[in-house]
Amino acid sequence: MRILLTGGTGYIGSHCAVALVEAGHEPVLVDNFANSKPDVADRIGQIVGRELTSEEGDIRDAAFLDAVFAKHHFDAVIHFAALKDVIASVDQPLEYYDVNVGGLTTLLAAMDRADVRSIVFSSTANIYGEPDYVPIDEQHPVSARNPYGQSKLAGERMISDIVAADPRWRGAILRYFNPVGAHETGLIGEDPSNRPSNLMPLVVAAAADPERQLSIFGTDYPTKDGTAERDFIHVSDLAEAHVAALDHLPEGGNVSVHNVGTGKSTSVRMLIHTFAMVNAQPVQCVEKPRREGDIASVWSSADKAEAELGWRAKRDLVEMCRDAWNFHRRGHGG
Ligand SMILES: NC(=O)c1ccc[n+]([C@@H]2O[C@H](COP(=O)([O-])OP(=O)(O)OC[C@H]3O[C@@H](n4cnc5c(N)ncnc54)[C@H](O)[C@@H]3O)[C@@H](O)[C@H]2O)c1
Ligand SMILES: O=c1ccn([C@@H]2O[C@H](COP(=O)(O)OP(=O)(O)O[C@H]3O[C@H](CO)[C@H](O)[C@H](O)[C@H]3O)[C@@H](O)[C@H]2O)c(=O)[nH]1
């Protein structure tokens, strides 16, 4: 299939491009480089052994999208392009709604004009809020607590409404847990400067600079070691879930919803310890109070994705930590 990847040079989009080529699909990358660099397309090309098509432009630009759809004959769209910083979304809600909701509306309208009505949508476990129970399954109530989460929930609902109104549409919604790591070649990954508040990039930064201390936010959580627990998932596993979702798009007029996590929880301390052991790199830490708004413990039920998409995460915490550090050492990871 020929697939349009919006946000295709971003962190998850770039890994998805690799997974799609490996599965025999033909991705075309669209990005405005708001949070990525054009040379990512070349690095994806190095991994897969051939050049990829990349188009520079904004998903809010209808004329640009019409031109892209006219030039390539797509079978489906995987929509990654969005703004994703929760804290920034509280300060700049208009910008977040403009890109994440307005951009999606413009994209869906362009798809309709081009007769391309299959979409895979990047959603987030953020919309589950404070869990009522763990592991979180797809039936868990949703309650977005910030403009970023609201924008993703709005995206899910917009797609569901459009698909319900017209049986020519098909949608697959993927709710990601905590993506970390990088491609095993170290050629693509996530620039830590793009994710200033997330744990793994800060572990890498602390390992790279002995003068720097990593803050552990909260050591008094009701968890095994007192630190918070998350479902960290290797970005290459997450990428492969998109290939599975494409292969299992629901019948026309339907939307599928799947969590994309490992089904396992890992504590903050466990991640830091594993990183230090695997990479033989000390990480200086300092214990701090809980970070405001943080959840103690959250992880996914991975059963529905396995049963319906035939997908399950294959890579473990050791690989996540090894690949995150390897990306840094190769000189691409800050
Ligand atoms: N990384 C995470 O922790 C995480 C978790 C859950 C969901 N998500 C979602 O997954 C998707 C991909 O996330 P990511 O981590 O790869 O982020 P990213 O910022 O690395 O990638 C997004 C890409 O979209 C591009 N982009 C932004 N606005 C655009 C616009 N108006 N037009 C065209 N391109 C635009 C950016 O330049 C970037 O390359 C996002 O929708 C995000 O909300 C990410
Ligand atoms: O320097 C740090 C950074 C993080 N943490 C802890 O590590 C855990 C994971 O933090 P992340 O920021 O990596 O991930 P979160 O699950 O807290 O955040 C995720 O969920 C958020 C909403 O809750 C946003 O959606 C965010 O973008 C997404 O990565 C949290 O307990 C956090 O307090 C530290 O101890 N020290």
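## Helix 6: length and neighbours

Let's start with helix 6, which covers residues 147-165. Allow 1.5 Å a residue and its 19 residues should span 27 Å; the end C-alpha atoms sit 26 Å apart, so the two values agree. Keep in mind that this is a predicted model.

Which residues of helix 6 are buried? They are Pro147, Tyr148, Gly149, Ser151, Lys152, Gly155, Glu156, Ile159 and Val163. These buried residues pack against two helices, helix 4 (86-91) and helix 5, and against strand 5, strand 6 (170-176) and strand 11 (254-260). Helix 6 lies across strand 5, strand 6 and strand 11, and its direction makes an angle of about 155° with strand 5.

## The sheet under the helix's neighbours

Strands 5, 6 and 11 belong to an open sheet of seven strands, and if you walk across it the order is 3-2-1-4-5-6-11, with parallel pairing. At the edges you find strand 3 (53-56) and strand 11, each pairing on one side only. On average, neighbouring strands here are turned by 20° against each other, ignoring direction.

Take a look at one pair: strand 6 and strand 11 run parallel and are joined over seven bridges. One of the residues to look for is Ile173, whose bridge partner in strand 11 is Val257.

## Around ligand 1

Ligand 1 has 26 residues around it, and the nearest are Gly7, Gly10, Ser36, Ala82 and Thr124. Helix 1 (11-22), helix 5 (93-113) and strand 5 (118-124) each give at least two residues to this shell. Which of the elements gives the most? That's helix 1, with three residues. As for chemistry, the shell holds 11 nonpolar, 11 polar and four charged residues.

## Around ligand 2

Now for ligand 2, with 17 residues around it; Asn126, Asn198, Leu199, Phe217 and Ala228 come nearest. Helix 7 (199-208) and strand 8 (214-217) each supply at least two residues of the shell, and strand 8 has the largest share, four residues. This shell splits into eight nonpolar, six polar and three charged residues.

## A closer look at Arg269

Arg269 sits in helix 9 (residues 268-279). Is Arg269 buried or partly exposed? It has 19 other C-beta atoms within 10 Å, and a buried residue needs 20 or more, so Arg269 counts as partly exposed.

Leaving aside residues up to four places away in sequence, Arg269 touches Ile216, Asp225 and Thr227. Also, the C-alpha atoms of Arg269 and Ala228 are 8.3 Å apart, although 41 residues separate the two along the chain. You've met Ala228 already: it is among the residues that come nearest to ligand 2.

Definitions and conventions. Residues are numbered from 1 along each chain as its sequence is written. Chains are lettered from A and ligands numbered from 1 in the order in which they are written. This is a predicted model: local features need pLDDT of at least 70, side-chain atom pairs count only at pLDDT 80 or more; totals for chains, interfaces and linings use all residues. A residue is near a molecule or strand if its C-beta atom, placed from the backbone, lies within 6 Å of it. Ala, Val, Leu, Ile, Met, Phe, Trp, Tyr, Cys and Pro count as nonpolar, Asp, Glu, Lys and Arg as charged, and the others, Gly among them, as polar. A residue is buried if 20 or more other C-beta atoms lie within 10 Å of its own, exposed if 12 or fewer, and partly exposed in between; C-beta atoms are placed from the backbone. Two residues are in contact if their C-beta atoms, placed from the backbone, lie within 7 Å. The expected span of a helix is 1.5 Å times one less than its number of residues. Two strands pair if DSSP finds at least two bridges between them. Axes are lines fitted to C-alpha atoms, for helices over the stretch in contact, and angles run from 0 to 180 degrees between N-to-C directions.
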